[in-house]
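Student: I have just opened this one and would like to know what the labels rest on. Can we go through them together?

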Amino acid sequence: VVLADPRQAGIDSLLRKIYEIYSDFALKNPFYSLEMPIRCELFDQNLKLALEVAEKAGPFGPGS
């Protein structure tokens with residue numbers, strides 16, 4: 001679940017990035033089953049980095 005202000009710039013790109021990370025580290029893992037918790041250190045690290053980058057953009061990002 002991602003909670004964001006509808007006016008926040010860049011939320012679409014953040015959601016795409018989160019899905020990209022999910023598909024790279026969960027869906028491409030042959031041992032992962034849907035509905036199973038994701039237990040992968042690289043997934044956690046990449047997700048944390050993506051969220052930190054989004055936070056640095058500010059609550060309304062550039063162009064608002």
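**Salt bridges, helices and burial**

Tutor: Sure. Searching the whole structure turns up three salt bridges. Keep in mind that this is a predicted model.

Student: What makes Asp5 and Arg7 a salt bridge?

Tutor: The cut-off is 4 Å between a side-chain nitrogen of Lys or Arg and a carboxyl oxygen of Asp or Glu. For the side chains of Asp5 and Arg7, the N to O distance is 2.9 Å, so the pair fits the definition.

Student: Why is Arg7 called exposed, and what is Asp5 called?

Tutor: Exposed means over 50% relative accessible area. Arg7 has 59%, so Arg7 counts as exposed. Asp5 has 26%. That value lies between the 20% and 50% cut-offs, so Asp5 is partly exposed.

Student: How do you know that Glu20 and Lys17 meet in a salt bridge?

Tutor: Their N to O distance is 3.4 Å, and the limit is 4 Å. Both residues sit in helix 1 (residues 11-27), three residues apart, which means about one helical turn separates them. An α-helix has 3.6 residues a turn, so residues three or four places apart point the same way. As for accessibility, Glu20 is partly exposed at 39%, and Lys17 is partly exposed at 37%.

Student: What about Asp24 and Lys28?

Tutor: Their side chains meet in a salt bridge too, at 3.0 Å from N to O. Asp24, at 34% relative accessibility, is partly exposed, whereas Lys28, at 59%, is exposed.

Student: How do you know that the length of helix 1 agrees with its number of residues?

Tutor: Take 1.5 Å times one less than the number of residues. For the 17 residues of helix 1 that gives an expected 24 Å, and the end C-alpha atoms are 22 Å apart, which agrees.

Student: Which residues of helix 1 are buried, and what covers them?

Tutor: Buried means under 20% relative accessible area. In helix 1, the buried residues are Ile11, Leu14, Ile18, Ile21, Ser23 and Ala26. Their cover includes helix 2 (41-56).

Student: And how does the whole protein look?

Tutor: The protein has two helices and zero strands. Of its 64 residues, 19% are buried. Looking at contacts between residues at least 6 apart in sequence, 49% join residues at least 24 apart. The protein exposes about 5,200 Å², with 59% of that supplied by carbon and sulfur atoms.

Notes. Residues are numbered from 1 along each chain as its sequence is written. This is a predicted model: local features need pLDDT of at least 70, side-chain atom pairs count only at pLDDT 80 or more; totals for chains, interfaces and linings use all residues. Side-chain values use heavy atoms; hydrogens and water are left out. Buried means under 20% relative accessible area, exposed over 50%, partly exposed in between (1.4 Å probe, protein chains only). Helices (H or I, at least four residues) and strands (E, at least two) are DSSP runs, numbered from the N terminus. Contact means heavy atoms within 4.5 Å. Accessible areas come from the Shrake-Rupley method with a 1.4 Å probe; for residues, only the protein chains shown count as cover.
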